[in-house]
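Reader: I'd love a close look at one part of this model, the helical stretch towards the end of the chain and what leads up to it. Could you walk me through it, starting from what the database record says?

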Amino acid sequence: MLVLSTRCLPHRWCERCAFATISCLDRCLGTVTRIVGPFFVLLLLAIIAFNVYLYFTVMLPELVLPHVGALGAMLNVALGLWILVNLVFNYLCCVLMSPGHPGKDVQMPADAEDEYARNDHIWRWCSRCNAAKPPRSHHCSVCRRCVLKMDHHCPWVNNCVGHRTYRHFLLFVMYLLVGCAFILLTASLPTYFPLPADQRVWRYAYMGLFPTVPGSASFFQIVLAFSASFALSLFAVWHVFLTLTNQTTLEFYVNVADRRDARRMGVAWLNPFDHGYSANFEEVLLAPFCSFRWLLLSTAPPSNNGMDWHFVNGRVSAV
C-alpha cells in the first residue's frame, strides 16, 4: 500500500499543477476581458455612429434620393431609423442591465438532489461565491459572480448574457444583421433604379477601379456590412436554435455529453427544459411569434425569477 501511495504522488501532483495552471489562466483571462470590455463597447458604438454618419452624408444624398425620389428616401430613412433605434436600445440593455444574480442570501432547498451535484439541472454549491447556485446558473470568472441562466460573457457588451439580458442580446444580434442587410440593399438601389448616363452621381477614378471620396466611403460601408453579415448570420442561426430548444451555449455542450451517455446506456434522453418551439420562443421573448409584439421596445423582466424552472418530466425546482 505504501508503494501504491508513493506511485500515486506524481499523478496527484500533476493534477494539482494542471488545476492551478488552469485556474491562474482563467483568472488572468477574466482580468484582461474585464479591462478591455469598455473599449469594445466604445468601439462598437463608434462603428455604429460612423455608419449612421456615412448613411446621412453619403448614401442618402448620393444613392437614395437621386434614384427613388423624396418619398422613397423618406421611407428609406424611416426604416433605417426604426432599425437603428431597436438596435441601440437592445444593445444598451445588454450593456447596462444586470443579467441576474442569485445573491448571497439564497438558500439551497432541503430536498436538493446532492447525488447529481455535477448536473446543471439542479441546485449546487458555488465554492467561489460560497453560496447556493440555482439550476442553469454558472459562475462567471470575468464578473466574479454567479449568473442566472448564463449563456456566455460577451466582451462586446462588457457583460454576461444571462437570464435577464438574453432576450435583448438575441434581438440586438438580429437587428444588427437586419441593419447590415439594410445597408447592402440601400447600396444596391442604383442597380434597380438606374439613372441616365449624364445624371449619374458615381464618379470613378483610378482607371475605373475605385470610386472617388463619396463612393469610397460607400464602398467601405458595403464591405463592412457584407463581412459583418456573414459572421452575424451564423451567430444568429446558432442563438435562434438555442432559443427554440431552450438551451444556453453552456448547456448545449453538457446536453451533448448527457445524450452520448444516455445512448451508450440504451436509454432515451430528453432536454428537461424543452417545452416545444412555440413555448420556448415565448419563454425567452415574452410573446408568441405570430403576435410580433416581441419586436417592440420593452424592458419587461422575464416570466420567471431565474431560479424556479419547470422541467419537462414534471419536477419543479424549489426557490
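Author: The unreviewed UniProt entry annotates residues 35–56, 68–89, 169–193 and 219–242 as "transmembrane region". Keep in mind that the model here is predicted. In that model, two of these spans can be described directly: residues 68–89 are 100% helix and 0% strand, with end C-alpha atoms 29 Å apart, and residues 219–242 are likewise 100% helix and 0% strand, with end C-alpha atoms 35 Å apart.

Helices H1 (2–96) and H4 (213–245) each give two or more residues to a nonpolar surface patch. That patch covers about 630 Å² and is made by Leu43, Ile47, Phe50, Tyr53, Trp156, Phe220 and Leu224. H1 gives the most, with four residues. One patch member, Ile47, is found in H1; at 31% relative accessibility Ile47 counts as partly exposed, because it falls between the 20% and 50% limits.

Now follow the chain out of H4. In the loop between H4 and H5 sits Asn246, whose phi is near 55°, a positive value in a residue other than glycine. Asn246 is also buried, as its relative accessible area is 1%.

Next comes H5, the part you asked about. This helix has 17 residues, 249–265, and at 1.5 Å a residue it should span 24 Å; the end C-alpha atoms of H5 are 25 Å apart, which agrees. Which residues of H5 are buried? They are Thr249, Glu251, Asn255, Asp258 and Ala262. These five cover an arc of only 155° around the axis, so they lie on the same side of H5. It helps to recall that an α-helix has 3.6 residues a turn, so residues three or four places apart point the same way. On the face turned away from that buried side, H5 carries the exposed residues Tyr253 and Arg264.

Just after H5, Gly266 takes a positive phi of about 75°. A further positive phi comes later, in the segment after helix H6 (277–285), which is where Leu286 is placed. The phi of Leu286 is near 65°, and this residue is not a glycine. Whereas Asn246 is buried, Leu286 is partly exposed, with a relative accessible area of 25%.

Terms used. Residues numbered from 1 in each chain as written. Predicted model: local features only at pLDDT ≥ 70, side-chain atom pairs only at ≥ 80, totals over all residues. Heavy atoms only, no water. Expected span 1.5 Å × (residues − 1). Buried < 20%, exposed > 50% of the residue type's maximum accessible area, 1.4 Å probe, protein only. Arc of directions from axis to C-beta. Patch = residues over 30% accessible without salt bridge, like charges linked within 9 Å, V, L, I, M, F, W, Y side chains within 5 Å. Areas by Shrake-Rupley, 256 points an atom, 1.4 Å probe, with all protein chains shown as cover. Salt bridge = Lys/Arg side-chain N within 4 Å of Asp/Glu carboxyl O. UniProt positions renumbered as here; feature names shortened; annotations may be inferred.
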